[in-house]
Amino acid sequence: MAETQNWNKLSWHKFPALQQPNWPDKERYDEIIQTLSLLPPLVFAGEIRDLKAVLAKAVRGEAFLLQGGDCSEEFSRCTAPNIRETLKVLLQMAVILTYAGNKPVVKVGRIAGQYAKPRSSDTENINGLEIPSYRGDMANSADPILEARIPDPDRLMKGYHLSAATMNLLRAFTRGGFSSLHRVQAWNQEFVRQSPMGRSYERMAKQISNALKFMETIGISTDIPQLKEAQFFTSHEALFLGYEQALTREDSVAGGWYDCSAHMLWIGDRTRQLDGAHVEFLRGVRNPIGIKVGPSHDIDNILAIVERLNPENEPGRITLITRFGYKVIDKYLPPLLRAVKKSGYHVLWTCDPMHANTFKAESGHKTRDFDNILSELRCFFELNWVEGTVPGGVHFELTGDDVTECIGGARQLSDAQLGLRYLTTCDPRLNAEQALEMAFQIAEMIRSS
Ligand code: PEP
Ligand code: CO
């Protein structure tokens, strides 16, 4: 791969950077960035290349991307049970998609660094007082008081350390036996086990366990890494560019620059300006890059961004994460699919059915309806089939926890129940049971692909 022209990890400073916290203590901020730039990377270039290779398979329809996790991770919820439950539900969804959908699944968490949030407004009105918006735990605190909302650069350092702790546990869980397919039945959680979805999962898991037993009985070893370990990758929105710059390192073995804060990074719908700092920064690192595309996009502009970020048209480099909303996906997706197909750019088409389906419930909670999410997903698959393109992945906000943030699903969670366990500080997530139900539905769609 050729060197990226006129790029270095500081070149983004010459471009307008939207959605950056207004750090009041600039000196302390510079100090933190400098310290971070000397700390160990969180992921390695070789792993990033492995992810790009499997995403290239997904572009061709030979694998499927499952990306999901919290809207916004929280420092106070960086605990072993939380990390374990999120991993478990992603492993369960992946096994459903692999077994029922008949396709290998690339697992990418919104985890170990999803601490920075873009906001539609710089300030928020709390009881008549205008205070800065919450921008993710790596900038300020979600507490609705003025002092808590002042950006604090020490939070960048804390975010790095908690990402490292999360990464460490994820590595232990995925390599140390916890994620072994032999434990497929044990991933089902107690509160899910009793539900219709939990029972469907249980049946499938039993079939897998029986298949493994059968193989052992006839003398085929199941003591192999493909069964005993899981390949799991991390991702977050590359938003706070000082932090991303500090974690960007040159690969000492093969050369080239990699943002070692996560395996995959995405650019949000609000920061994907062609001549903005985010595109400038990401064009020089070799990680797989996601680009969120919402209804306000311009097709030629998206093509120009894809060209800028992937001039060599390397498959696996670009994932387009469309998030149009169930009501308008049929208006926006087909022209985009056609234009990209005509251009010859290799992209992985994925659907985020969450971000354009948010609304305020009568109870006042920000929520999403399971049926609307599913409806956008169905349209996404069908529109791809019509255009002859590959529906290659899905992107969810979800948690392994028993939360009540999205309405609907098999248990018909109602608006009145949202207050029971509404824990998110940002967007509403699917709970473990809703996530499994979604996976069974997607598996059907993959199977028909
Ligand atoms: C997100 O993924 O949490 C997000 C803010 O998405 P978008 O940029 O698509 O609005
Ligand atoms: Co969100």
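Q: How many cavities of 30 Å³ or more does a search of the whole structure find?
A: This is a predicted model, in which local features need pLDDT of at least 70 and side-chain atom pairs count only at pLDDT 80 or more, while totals for chains, interfaces and linings use all residues. Residues are numbered from 1 along each chain as its sequence is written, ligands are numbered from 1 in the order in which they are written, and side-chain values use heavy atoms, without hydrogens and water. A cavity is a set of points, on a 1 Å grid over the protein atoms alone, where a 1.4 Å probe fits but cannot get out, and its volume is the space filled by probe spheres set on the points, which are joined across faces, edges and corners. With a threshold of 30 Å³ or more, the search of the whole structure finds two.

Q: Which residues lie closest to the centre of the largest cavity?
A: The largest cavity holds about 140 Å³ of space, and its lining residues, those with an atom within 4 Å of a point, divide into four nonpolar, four polar and six charged. Of the 14 residues in this lining, the closest to the centre are D70, E73, R77, N82 and T86.

Q: Which residues line the second largest cavity?
A: This cavity has a volume of about 30 Å³, and its lining divides into two nonpolar, three polar and two charged residues. The lining consists of E3, T4, W7, G256, W257, G284 and R286.

Q: Which protein donors bind the cobalt ion (ligand 2)?
A: Donors are N, O and S atoms within 2.8 Å of the metal (3.2 Å for Na, K and Ca), and because water is not among the atoms, sites may look incomplete. Along the chain the donors of this ion follow the spacing C-x283-H-x41-E-x29-D. Lying 2.1 to 2.4 Å from the cobalt ion, they are C71 (SG), H355 (NE2), E397 (OE) and D427 (OD).

Q: How many residues apart in sequence are the parts that C71 and D427 tie together?
A: C71 is buried (under 20% relative accessible area, with a 1.4 Å probe and protein chains only), at a relative accessible area of 0%, and D427 also counts as buried, at 9%. C71 lies in the loop between β1 (64–69) and α3, and D427 in the loop between β14 (391–397) and α13 (432–448), so the pair ties together parts whose separation in sequence is 356 residues.

Definitions and conventions
On a 1 Å grid over the protein atoms alone, a cavity is a set of points where a 1.4 Å probe fits but cannot get out, and a pocket is an open set with protein on both sides within 12 Å along at least five of seven lines; lining residues have an atom within 4 Å of a point. Ala, Val, Leu, Ile, Met, Phe, Trp, Tyr, Cys and Pro count as nonpolar, Asp, Glu, Lys and Arg as charged, and the others, Gly among them, as polar. Helices (H or I, at least four residues) and strands (E, at least two) are DSSP runs, numbered from the N terminus. Buried means under 20% relative accessible area, exposed over 50%, partly exposed in between (1.4 Å probe, protein chains only).
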